Amino acid sequence: MFCSKCGALLDDKSYYCQACGHEVNKPYTQQPFNMNNNTQQTYQSGYSQQQYTNNINPAAMSSIQSKIEDARTMGILAIVLGLICSALVGICLGIVGISKLNSIQTFNTYIPEIEMQKEKTRKLNLIGIILPTVLRIILIIFYFIFVFAMVGAVAG
């Protein structure tokens, strides 16, 4: 089956074209999310009407999971190496992790489990950016307090 709007090749069970979002079959309405029959909730721009599709490619899901895992690893490395080595290392690794998350394409399909994993991983990467930086700033402040205290003690 082909999309009547853009001509993309579609699965016969598709309700919307994954290339342009054009409706090709009438979707189910107001059916609760059910993981047993591989349904995913999707959102169209401008409103949040629930629509369901069961045409997510397992290879694409595996690729998405792999990219999320890579980004999670970057977040953990950002925290650990940022605290041990340098805040700059944490910032760089955190940014790489967030950019990996931003490169994940879910083909305009809202998958609650994937979105939850992406949000947790994004927060982990942000912690990897912020925590080492804040720690270094606190250490610099304490260093200056210590130096001024020593100068005051020597001068006084």
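This report looks at the aromatic contacts and a nonpolar surface patch in a predicted model.

Let's start with the rings. A search across the whole structure turns up 2 aromatic pairs. One of them joins Tyr143 and Phe144 in an edge-to-face arrangement, with 5.7 Å centre to centre and 70° between the planes. That pair counts as edge-to-face because its planes are 70° apart, and the label applies to angles over 60 degrees. Tyr143 and Phe144 also belong to one aromatic cluster together with Phe148.

Now for the surface. Ten names make up the picture here: Ile76, Leu77, Val80, Leu81, Leu83, Ile84, Ile127, Leu131, Leu135 and Leu139 form a nonpolar patch, and together they have about 790 Å² of accessible area. Two or more residues of this patch come from each of helix H1 (58-84) and helix H3 (112-155). Helix H1 is the main contributor, giving 6 residues. Ile84, one of the patch residues, sits in helix H1.

How open are some of these side chains to their surroundings? The table gives the relative accessible area for two of the ring residues and for Ile84.

| Residue | Relative accessible area | Class |
|---|---|---|
| Tyr143 | 51% | exposed |
| Phe144 | 46% | partly exposed |
| Ile84 | 63% | exposed |

The two partners of the edge-to-face pair fall into separate classes: Tyr143 is exposed at 51%, while Phe144 is partly exposed at 46%. The dividing value is 50%, so Tyr143 with 51% is classed as exposed. Ile84, at 63%, is exposed as well.

Methods
Residues numbered from 1 in each chain as written. Predicted model: local features only at pLDDT ≥ 70, side-chain atom pairs only at ≥ 80, totals over all residues. Heavy atoms only, no water. Phe/Tyr/Trp six-rings, centres within 6.5 Å; stacked < 30°, edge-to-face > 60°. Buried < 20%, exposed > 50% of the residue type's maximum accessible area, 1.4 Å probe, protein only. Patch = residues over 30% accessible without salt bridge, like charges linked within 9 Å, V, L, I, M, F, W, Y side chains within 5 Å. Areas by Shrake-Rupley, 256 points an atom, 1.4 Å probe, with all protein chains shown as cover. Salt bridge = Lys/Arg side-chain N within 4 Å of Asp/Glu carboxyl O. Helix = DSSP H or I, 4+ residues; strand = E, 2+ residues; numbered from the N terminus.
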